[in-house]
Amino acid sequence: MPTVSAIMPLYNGIRFLSESIKSIQRQTLDDWELLIITEPDQDDGSIELIQDYKEKDCRIRLIQNERKLGLAASLNRGITEAVGTYIARVDVDDPSYPERLQKQVDYLNTNPDIFLCGSLTRSVLPDRSYTLEVPCDQEELKAALLFGCEISHCSVMFRRQEFLDSGYSYDEKSLCEDYALWTQIMFEKRIVNIPEVLVDHRWGFDNISLQKGQSLLDASCRVSAQVLKRFDVCVSEELLPLFSGWRSRPEKFARRNPAAFLKNTYKVLTLLRQNNIRKRLIDPSALDRTIWERWNWACDCCGIFYPVKTYENLIHETEAPLVTVIMPVYQAAKTIRESIDSIRSQDFTKYEFLI
């Protein structure tokens, strides 16, 4: 039995197919199998290319769906037919670095309490590239996942038998099948990101995710709204733009309705914090840091200027005030945060602030 089963669902992806297959063949860990699951109506020559690789490398398996299943169902089939100890997710347009499989296997072997690990990824665009920074600590990752998918699907490795024994599967009705699965697993298993770039993630090359566009964004918002029900936080349809991920900003909506947008954001974040203290689903300090970042995100959406401060910079012990700071305010949303934060970040903390 191989240590790793790498699973690659494929539909007309010949442009990057050779590069992706070779990225697995070049792994420093050679104890793997690569399952490529194809749809019946592929017509770009990718089947023939896979057959050629398969004849030369017996570790490559071609699984051809008899009817069109789609991405989620193909993933479920691949996991079922795999025989490796670990499942590694592979996308046809997102090549893995040579040490990816070995490093993830070593990490999971060393940390038997971890069920799933992703990694940092390098986002590759037609005109530039950059490292996508995501939370790596378990609790901070859980908190961030409330507002968007912070695990790159193309970087994931998890324990196959535990996945099956737990009854997990990708939701075949969801456009964001990976995010829906992570938000289910994160309250039952330990999941992390390894703080190292192990995969290149392409954007802007006719990717399926980009083609899904607004439909994918809407589905992601609904996953966030669903997971918040665990905290007894109900999100109405008009509030869904508050949950458009971390990198998508509903600026047009927010700048047309800044008062409502900020008020609703504050209301949801406050209720989330209070209910988490009661339910203890996420470490409170990790959630507080994420809520602070989310509040900054909301202010960015509204075009509000503020000095960038870390959450820790603005936390002070309560002390009896020696100074009263008074600030009259009228219709000053664009600049008020800058003034408030300038007082909150003072080294001298024995003050009260009347606004």
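This passage describes the fold, cores, salt bridges, main-chain outliers and one pocket of a predicted model.

The protein chain has 355 residues, and 49% of them are buried. Its secondary structure consists of 12 helices and 10 strands. Along the principal axes, the C-alpha trace spans about 80 × 40 × 35 Å. Contacts that are distant in sequence dominate the count. Of the contacts with a separation of 6 or more, 79% join residues 24 or more positions apart.

The interior was examined next. In soluble globular proteins, nonpolar side chains tend to be buried together. The largest nonpolar core in this model has 62 residues. Within this core, L146, F158, I191 and L272 have the most contacts. Several elements each supply at least two of the core residues. Among them are two strands, β2 (32–38) and β5 (114–124). The helices α3 (71–81), α5 (138–144) and α7 (177–185) are also on the list, as are α8, α10 and α11. A second core lies apart from the largest one and has 28 residues. V4, L34, V92 and L101 are among its members.

I191 illustrates the packing around one of these core residues. I191 lies within strand β8, which covers residues 190–202. Leaving aside neighbours within four places in sequence, I191 is in contact with F115 and L116. The contacts of I191 also include Q138, L141, L145 and I151. W182, I185 and M186 complete the set.

Charged pairs were then surveyed. The whole structure holds 20 salt bridges. One of them joins R202 to E19, with the closest N and O atoms 2.6 Å apart. R202 lies in strand β8 and E19 in helix α1 (residues 14–25), so this pair ties together parts that are 183 residues apart in sequence. The two partners differ in their surroundings. R202 is buried because its relative accessibility, 12%, falls under the 20% cut-off. E19 is partly exposed, with a relative accessible area of 35%.

A further salt bridge joins D232 and K279, at 3.5 Å from N to O. This pair also links distant parts of the chain, 47 residues apart. D232 sits in the loop between α8 (208–228) and α9 (251–256), and K279 in helix α10 (residues 258–279). D232 is partly exposed at 43% relative accessibility. K279 is likewise partly exposed, at 30%.

The loop between α8 and α9 also carries R249. The side chain of R249 meets that of D300 in a salt bridge of 3.5 Å, N to O. D300 belongs to helix α11 (residues 284–302), so the pair ties together parts that are 51 residues apart in sequence. R249 is partly exposed, with a relative accessibility of 44%. Elsewhere, E99, K103 and E196 are linked in a network of salt bridges.

Backbone geometry was checked for unusual phi values. Most residues other than glycine have a negative phi. N12 has a positive phi of about 50° although it is not a glycine. N12 lies in the loop between β1 (4–10) and α1. This residue is partly exposed, with a relative accessible area of 28%. D232, the salt-bridge partner of K279, also has a positive phi, of about 60°, and is not a glycine. Like N12, D232 is found in a loop, here the one between α8 and α9.

The surface was searched for empty space. Rolling a probe the size of a water molecule over the atoms shows where such space is left. The second largest pocket has a volume of about 780 Å³. Its lining is made of 22 residues. Of these, Y266, T270, W292, W295 and R344 lie nearest the centre of the pocket. The elements that give two or more residues to this lining are α10, α11 and α12 (333–344). The largest share, 7 residues, comes from α10. By class, the lining has 15 nonpolar, 1 polar and 6 charged residues.

Helices α10 and α11 thus recur in several of these features. Both supply at least two residues to the largest nonpolar core, and both give two or more to the lining of the second largest pocket. Helix α10 also holds K279, and helix α11 holds D300.

Conventions. Residues are numbered from 1 along each chain as its sequence is written. This is a predicted model: local features need pLDDT of at least 70, side-chain atom pairs count only at pLDDT 80 or more; totals for chains, interfaces and linings use all residues. Side-chain values use heavy atoms; hydrogens and water are left out. A salt bridge is a side-chain nitrogen of Lys or Arg within 4 Å of a carboxyl oxygen of Asp or Glu. Helices (H or I, at least four residues) and strands (E, at least two) are DSSP runs, numbered from the N terminus. Buried means under 20% relative accessible area, exposed over 50%, partly exposed in between (1.4 Å probe, protein chains only). A nonpolar core is a set of buried Ala, Val, Leu, Ile, Met, Phe, Trp, Tyr and Cys residues joined through side-chain atoms within 4.5 Å. Contact means heavy atoms within 4.5 Å. On a 1 Å grid over the protein atoms alone, a cavity is a set of points where a 1.4 Å probe fits but cannot get out, and a pocket is an open set with protein on both sides within 12 Å along at least five of seven lines; lining residues have an atom within 4 Å of a point. Grid points are joined across faces, edges and corners, and a volume is the space filled by probe spheres set on the points. Ala, Val, Leu, Ile, Met, Phe, Trp, Tyr, Cys and Pro count as nonpolar, Asp, Glu, Lys and Arg as charged, and the others, Gly among them, as polar.
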